[in-house]
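User: I would like a close look at one strand pairing and what surrounds it. Please keep the sentences short, since I am in my first year.

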Amino acid sequence: MHPREQTIFALSSGRPTSAIAVVRVSGPEAGTALRDIAGAVPVARMATRVLLRDRAGEAIDDAIILWFPSPASATGEDVAEFHIHGGRAVLNALFAALSSIDNTRTAEPGEFTRRSFENGKIDLTEAEGLDDLVHADTDRQRRQALRQLQGLLGDRARGWRKELIDASALIEAGIDFVDEGDVPEDLLKPALEKIAQLRREIEQTLATSVQSERLRDGLTVAIAGPPNAGKSTLLNRLARREAAIVSPHAGTTRDIIEVYLDLDGYPVTLIDTAGIRETDDPVEQEGVRRARDRAASADLVLWLSADHSAEPDGSIVNGDVSLWLIRNKIDLSNPENGGANLGQVETKMEQRAPTRQFRISAARGDGVDELVAALTAFAGIWLGRGETGAITRLRHRSILRDAAASLVKAEALAGRGDELVAEEVRIAVHFIGRLLGRVDIDDILDSLFLEFCVGK
């Protein structure tokens with residue numbers, strides 16, 4: 001039997017130990033699993049309390065079961081759910097009982113969602129939204145993912161695809177049946193009007209969704225500077241936990257340390273890097289190289305120094321990265337200034353927040369609240385209201401750009417041959433189909449669903 005025809009099962013709730021665990025079963029043997037283990041198949045979609053038993057008749061657990069016959073289920077197949085106590089021994093006993101059923105096996109990562117997609121329960125954009133919802137770290141990311149799961153882009157794309165098919169039908173009718181008496185002579189004009197309107201809608205979606213992709217990935221902030229500037233101390237202060245080792249010895253941090261912050265719903269990845277300096281130690285040299293590379297790829301760099309003599313590294317200054325200058329250890333050098341903001345200085349990037357200077361004490365906390373407020377404001381500018389945009393992945397943007405380009409060509413070819421116009425419209429329909437996951441997407445599917453956790 002082909003693996004996709006087999007019945008699958010997996011833990012769909014959190015890792016044990018837990019108060020309750022949910023085990024899902026999907027496939028043709030889901031009903032058999034209920035009969036063998038629970039004694040009977042319950043009324044559809046009605047929670048039923050039963051005593052679960054294995055094939056030897058030994059009790060497994062006092063549990064709740066649910067039955068969702070196809071096609072009215074999450075996967076479109078017969079689905080059974082076992083709500084059991086979440087101890088490892090209970091789970092192992094239930095898994096053993098399920099494994100003993102013919103053509104039943106444990107699920108691969110993302111296999112439940114893939115079956116939902118393949119059975120037409122969701123399209124590919126909704127599957128991606130589900131993945132984003134599972135991995136959402138902040139409330140803004142949650143709202144964005146939920147809108148995608150509910151069809152924000154998918155519904156729009158289905159409408160575009162239908163309109164393009166209608167436009168294509170008009171053009172084809174004009175080509176194939178122009179001699180028929182009941183077919184209007186000029187069918188290209190209304191088709192082109194549809195094409196122009198759809199092209200404008202797609203271009204508007206592309207223009208208004210830039211920040212949605214950023215919100216999904218979040219803002220990356222790198223803390224860089226010379227050794228012993230207090231970078232790890234600042235990371236710990238912002239993270240509110242001991243995420244990095246703090247030491248008075250230069251070169252303690254040699255690898256990249258990342259922590260994740262939620263600043264007013266904006267996801268921020270904060271990175272502590274090795275102290276940037278010239279060194280003969282090959283391990284520290286690698287740390288410095290990684291620090292330069294990571295800082296150069298960040299959205300914002302906090303250049304931390306304990307005195308004015310430590311100028312920002314040239315590889316960072318010359319990059320396309322917003323740079324803030326942070327004077328640390330003011331409690332040791334000039335405590336009376338506290339955390340006063342020294343004001344704004346000229347930015348190197350006109351489209352980003354202004355480069356700024358701050359005076360702080362990472363150890364004592366002076367000025368850190370002002371720095372956090374500035375970081376939150378920067379994230380608001382950089383990420384904006386990304387949760388309202390329809391495009392959340394580079395894949396979406398790339399496909400829609402290609403579709404819009406085909407429609408531009410179709411308009412440009414008007415008057416040079418209806419067949420050429422029809423071909424470009426067919427290409428645009430194909431691209432929208434790829435967006436929804438309905439044509440030529442095996443590699444995309446394999447990549448996407450392997451990112452899911454087991455049981456989803």
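Which residue in β5 stands opposite Val23?

Analyst: Phe82 in β5 stands opposite Val23. First, some ground rules. This is a predicted model: local features need pLDDT of at least 70, side-chain atom pairs count only at pLDDT 80 or more, and totals for chains, interfaces and linings use all residues. Residues are numbered from 1 along each chain as its sequence is written, and side-chain values use heavy atoms, leaving out hydrogens and water.

Now look at the two strands themselves. Strand β2 covers residues 18-26, and strand β5 covers residues 79-86. They pair in the antiparallel sense over 8 bridges. (Strands pair if DSSP finds at least two bridges between them; helices are DSSP runs of H or I with at least four residues, strands are runs of E with at least two, and both are numbered from the N terminus.) In general, strands of a sheet pair through backbone hydrogen bonds, either parallel or antiparallel.

Zoom out to the sheet. It is open and has 6 strands, in the order β3-β4-β5-β2-β1-β6. Its pairing is mixed. At the edges stand β3 (48-53) and β6 (104-106), and each of these pairs on one side only. On average, neighbouring strands of this sheet are turned by 30° against each other, with direction ignored.

Next come the helices that lie across these strands. Helix α1 (residues 30-38) lies across β1, β2, β3, β4 (59-68) and β5. Helix α1 runs at about 150° to β4. (Axes are lines fitted to C-alpha atoms, for helices over the stretch in contact; angles run from 0 to 180 degrees between N-to-C directions.) Helix α3 (residues 111-118) lies across β1, β2 and β6, and runs at about 135° to β1. Both α1 and α3 therefore lie across β2, the strand that carries Val23 opposite Phe82.

Stay with α1. Of its 9 residues, 7 are buried, so α1 is largely enclosed by the rest of the structure. (Buried means under 20% relative accessible area, exposed over 50%, partly exposed in between, with a 1.4 Å probe and protein chains only.) The buried ones are Ala30, Gly31, Thr32, Ala33, Leu34, Ile37 and Ala38. Their cover includes β1, β2, β3, β4, β5 and α2. (Contact means heavy atoms within 4.5 Å.) Just after α1, Gly39 takes a positive phi of about 95°.

The cover of α1 includes both β1 and α2. An aromatic pair links those two elements. A search of the whole structure finds 3 aromatic pairs. One of them joins Phe9 and Phe95: the rings are 5.6 Å apart, centre to centre, with 45° between the planes, and the pair is tilted. (Rings of Phe, Tyr and Trp, the last by its six-membered ring, pair if their centres lie within 6.5 Å; planes under 30 degrees apart count as stacked, over 60 as edge-to-face and the rest as tilted.) Phe9 sits in strand β1 (residues 7-11), and Phe95 sits in helix α2 (residues 88-99). The two are 86 residues apart, so this pair links distant parts of the chain. Phe9 counts as buried because its relative accessibility is 1%. Phe95 has a relative accessible area of 23%, which means it is partly exposed.

Elsewhere, another pair makes a useful contrast in ring angle. The centres of the Trp324 and Phe378 rings are 5.7 Å apart and their planes stand at 85°, so this pair is edge-to-face. Trp324 lies in strand β11 (residues 322-327) and Phe378 in helix α13 (residues 368-383), 54 residues apart. Trp324 and Phe378 are both buried. Ring pairs also bring in Phe358, giving a cluster of Trp324, Phe358 and Phe378.

Helix α13 also appears in the cover of another enclosed helix, α9. In α9 (residues 231-239), 7 of the 9 residues are buried, so α9 is largely enclosed by the rest of the structure. Among the buried residues are Lys231, Leu234 and Asn236. Their cover includes β7 (219-224), β8 (257-263), β9 (266-272), β10 (300-305) and α13. Just after α9, Arg240 takes a positive phi of about 60°. Glu242 follows in the loop between α9 and β8. Glu242 counts as exposed because its relative accessibility is 67%.

Finally, the whole chain. The protein chain holds 16 helices and 13 strands. It has 456 residues, and 49% of them count as buried.
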